[in-house]
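Here are a few short exercises to work through with the structure open beside you. Try each task before reading its solution.

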Amino acid sequence: MKKIALILGVILILSMVLSACGGTSSQADTIKVGVVAELTGDIPAVGASCKNAAEMAVQQINDAGGLEVGGKKYMIELFIEDNAGKADQSASAAQKLITQQNVVAIIGPNASRYAIPASEIAESSKVVLISPWSTNPKTTLDANTDVPKQYVFRAAFIDPFQGRVVAKFALENLKATKAAVLFDVASDYNKGIAEFFKATYEENGGTIVAYETYTTGDKDFSAQLTKIKEAGPEVIFLPNYYSEVPLQIQQAHRLGIDVPFLGSDSWGSSELITLCGADCEGYYFSTHYAADAATPTATKFIETYTTKYGSTPDDVAALTFDSFGLLWQALQAAGKVDREAVREGMSMISNFEGVTGNMAFEAGSGDPVKSAVILQVKGDKFVWFANANP
């Protein structure tokens, strides 16, 4: 009996060892990727689009048998964290993905005010973070030295470019020589793009007749809009989020303000049309791609996304999908799966054909060189109006 018990014990130990070895092998065949998105909080439509596109990107790879890296196929394991629309939770979500989930890279957050704190965690931990939608320069720059971070990248163009695009559009296309700006002074994104717009507009002969601010969460803009009305602008620039813009425009109309409004890529959610309705009809904004003027790559993405989710993908969805495409290309270029390999692979990307157009990273920079588009609100759609090249 003792011999039988001993044999059974040995078999049990061997089984445990083999099981452990099998677990290690299975884990080695998996690439863990994290996502930090604004699923709740002030811009939930942004988080929903990001989550949808992330899950679609991963499903496509896994359904095809995995991602081939260095001659070996890997399945993708996705971990999604909600930052609740808060800067501190963005940082803690990134930390959790890095230390607890052991991801090789993070996609997101999207809004610059959430991407910046998360990027600090990623950079200090030496883990690649790719923000799909953040356009503020601070996301990819070291806060102390202003030199590019080594592990932080983005799929979007940056605010200096976007500010120039909108300012020149106002001057050249709308022939408006007097402009007003209303923006959230507490948000890096809003504040930054307002400053770039103002600088370019004035450099090219325009006059900023009113430059008004508010703070995140404000609902009454009547005082600022009254000052803007008295200044007599020919166009008003609102580099603010889709959740804020409808209320601002509706209050402006009630005050009798009847000039064109311009926006930035933060207008790009279809929720803008739902919340704003006819009040936003005919207005323009800069963004990353136009669904109605899509390339073959974009058309395929749009068709797949629409079939899966029942709605046309917005710019956040497109940029998220591109962020995953960049990650796949980086891993394949590096030929191995680890955090440093991802960074090396990202730095090698000199050309990427994405949903939002072709992009390239210059040496030492996490900011892609790419184009923008101007869309116009028409009925219940965003319609392509013009292209804007770097």
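Please keep in mind that this is a predicted model.

**Exercise 1. Find the strand order of the open sheet of 7 strands, and say which strands stand at its edges.**

Step 1. Going across the sheet, the order reads β8-β7-β9-β10-β11-β15-β16, and the pairing is mixed.

Step 2. β8 (207-214) and β16 (381-388) each have a single partner strand, so one side of each lacks a neighbour in the sheet, and these two are the edges.

Step 3. On average, neighbouring strands here are turned by 25° against each other, direction ignored.

Step 4. Helix α7 (residues 222-231) packs on this sheet and touches β7, β8 and β9 (235-238). The direction of α7 makes about 175° with that of β8.

**Exercise 2. Decide how β11 and β15 run: parallel or antiparallel?**

Step 1. Recall that strands of a sheet pair through backbone hydrogen bonds, in one of two ways: parallel or antiparallel.

Step 2. Strand β11 (residues 284-287) and strand β15 (residues 372-378) are joined by 4 bridges and run antiparallel.

Step 3. For one pair to look at, take S286, whose bridge partner in β15 is I374.

**Exercise 3. Check the length of α4, then describe its surroundings.**

Step 1. The helix has 14 residues, and at 1.5 Å a residue it should span 20 Å. The expected span is 1.5 Å times one less than the number of residues.

Step 2. The end C-alpha atoms of α4 are 20 Å apart, so the model agrees with the expectation.

Step 3. Counting a residue as buried under 20% relative accessible area, 10 of the 14 residues of α4 are buried, which leaves the helix mostly covered. Among them are Y114, I116 and I121.

Step 4. The buried residues of α4 pack against α3, β5 (128-131), β6 (152-154), β7 and α6 (188-203).

**Exercise 4. Locate some unusual backbone geometry and say where each case lies.**

Step 1. Start from the rule: most residues other than glycine have a negative phi, and most peptide bonds are trans.

Step 2. G108 and P109 are joined by a cis peptide bond, with omega about -5°. P109 lies in the loop between β4 (105-107) and α4 (112-125).

Step 3. N102 has a positive phi, near 60°, and sits in the loop between α3 (87-99) and β4. At 48% relative accessibility, N102 is partly exposed.

Step 4. K175 also has a positive phi, about 55°, in the loop between α5 (159-172) and β7 (178-184). K175 counts as exposed because its relative accessibility is 63%.

Step 5. Finally, K126, just after α4, takes a positive phi of about 60°.

Definitions and conventions. Residues are numbered from 1 along each chain as its sequence is written. This is a predicted model: local features need pLDDT of at least 70, side-chain atom pairs count only at pLDDT 80 or more; totals for chains, interfaces and linings use all residues. Side-chain values use heavy atoms; hydrogens and water are left out. Buried means under 20% relative accessible area, exposed over 50%, partly exposed in between (1.4 Å probe, protein chains only). Two strands pair if DSSP finds at least two bridges between them. Axes are lines fitted to C-alpha atoms, for helices over the stretch in contact, and angles run from 0 to 180 degrees between N-to-C directions. Contact means heavy atoms within 4.5 Å.
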